[in-house]
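Me: I'd like a close look at a single part of this one. Take me through it slowly, and spell out your cut-offs as you go.

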Amino acid sequence: MCISANVIIYNNISINKNTLIGDNVSIFSNVNIGESVLISRNVTINSDVEIGDNTRIMDNSHITGRTKIGKNVFISVGVTMANDNLFGKNGYDDEVKGPKINDYVSIGVGAILLPNIEIGEGSIVAAGSVVNKNVPENVIVSGNPAKVITRVPKYMRRK
Amino acid sequence: MENKIKEIINIVLEKNNKETVKELNKELSLRDDLGMDSLDLAELTVRIEDEFGVDIFEDGIVDKVGEIIEKISKR
């Protein structure tokens with residue numbers, strides 16, 4: 001495990017072996033980070049987040065609270081996500097949920113994931129897309145709002 | 001076969017608001033001449049595989065229309 005400069009880690013965090021935490025990362029409470037994970041520079045992770053083994057989260061991305069990220073997920077630079085459609089009106093109640101991102105999902109540069117959506121295993125979210133509803137397995141989605149373009153061709157599959 | 005390939009290429013181009021082709025030239029580059037981006041190429045290969053049962057990117061990404069025709073001809 002390697003933790004770089006200026007990293008801020010709050011309470012109740014687990015970080016497993018071979019994981020690299022880059023400069024200026026901030027990790028809030030109740031976060032589990034698996035093995036061989038890369039959290040790159042300036043990533044911010046809010047509370048109650050799970051990140052599976054071999055996942056990579058690139059620079060300047062924001063992981064919102066109550067997000068579940070599976071194994072072998074790739075989150076590109078500048079990806080942001082939200083967990084509350086009511087902008088904090090009812091506080092941090094049970095309705096506040098971040099995305100669920102399943103294994104082998106790839107998320108392109110600058111995509112936005114809206115609250116309480118699920119992205120199916122092996123799917124790809126194109127750069128700049130806004131995902132406001134669930135995405136099936138092994139498809140490519142693109143646009144605002146994100147729509148299914150095609151299934152993932154073999155040459156793009158990571159599994 | 002070439003007419004069907006042209007039809008598929010034009011479906012992908014039209015769907016993504018790009019100029020379609022009238023004549024299919026084997027030297028046409030999917031990226032440089034037809035303006036296809038990575039999403040267009042992904043959709044193209046899936047549609048061609050569905051139609052002809054050939055994965056045109058199996059051995060790496062091809063760029064010329066002629067390469068697509070050659071791969072399908074060899075099936």
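Which residues touch the most other members of the largest nonpolar core?

Reply: Before the core itself, some ground rules. This is a predicted model, where local features need pLDDT of at least 70, side-chain atom pairs count only at pLDDT 80 or more, and totals for chains, interfaces and linings use all residues. Residues are numbered from 1 along each chain as its sequence is written, while chains are lettered from A and ligands numbered from 1 in the order in which they are written.

Now the core: it holds 53 residues, and those touching the most other members are Val125(A), Val131(A), Ile140(A) and Val141(A). A nonpolar core here is a set of buried Ala, Val, Leu, Ile, Met, Phe, Trp, Tyr and Cys residues joined through C-beta atoms within 7 Å. Buried means that 20 or more other C-beta atoms lie within 10 Å of a residue's own; 12 or fewer makes it exposed, anything in between partly exposed, with C-beta atoms placed from the backbone. The elements giving two or more residues to this core are strands S6 (31–33), S9 (49–51), S19 (124–125) and S21 of chain A, together with H1, H2 and H3 of chain B. Helices (H or I, at least four residues) and strands (E, at least two) are DSSP runs, numbered from the N terminus. The most comes from H2(B), with six residues.

Val125(A) is a good place to zoom in. Setting aside residues up to four places away in sequence, Val125(A) touches Ile107(A), Gly108(A), Ala111(A), Ile119(A), Val131(A), Val141(A) and Ala146(A). Contact means C-beta atoms, placed from the backbone, within 7 Å.

Next, S21(A) and its partner. S21(A) and S22(A) pair in the antiparallel sense over four bridges; strands pair if DSSP finds at least two bridges between them. Val139(A) has Arg151(A), in S22(A), as its bridge partner. The hairpin has four residues between the strands, and in it Gly143(A) takes a positive phi near 100°.

That hairpin also leads over to chain B. Ten residues of chain A are in contact with eight residues of chain B. S21 and S22 of chain A each supply at least two residues of chain A's side, and S22(A) has the largest share of that side, three residues. The residues on chain A's side divide into six nonpolar, two polar and two charged. For that split, Ala, Val, Leu, Ile, Met, Phe, Trp, Tyr, Cys and Pro count as nonpolar, Asp, Glu, Lys and Arg as charged, and the others, Gly among them, as polar.

Over in chain B, the buried residues of H2(B) include Leu39(B), Leu41(B), Leu44(B), Val46(B) and Ile48(B), but also Asp40(B) and Glu43(B). The buried residues of H2(B) pack against S21 (139–142) and S22 (147–151) of chain A, plus H1 (2–15) and H3 (65–73) of chain B. Helix H2(B) covers residues 38–52, 15 residues in total, so at 1.5 Å a residue it should span 21 Å, and its end C-alpha atoms are indeed 21 Å apart. That expected span is 1.5 Å times one less than the number of residues. Just after H2(B), Gly53(B) takes a positive phi of about 70°.

Last stop, H3 of chain B, where Ile69(B) is found. Ile69(B) counts as partly exposed because it has 16 C-beta neighbours inside 10 Å. Beyond its neighbours within four places in sequence, Ile69(B) is in contact with Glu2(B), Ile5(B) and Lys26(B).

Key: Two residues are in contact if their C-beta atoms, placed from the backbone, lie within 7 Å.
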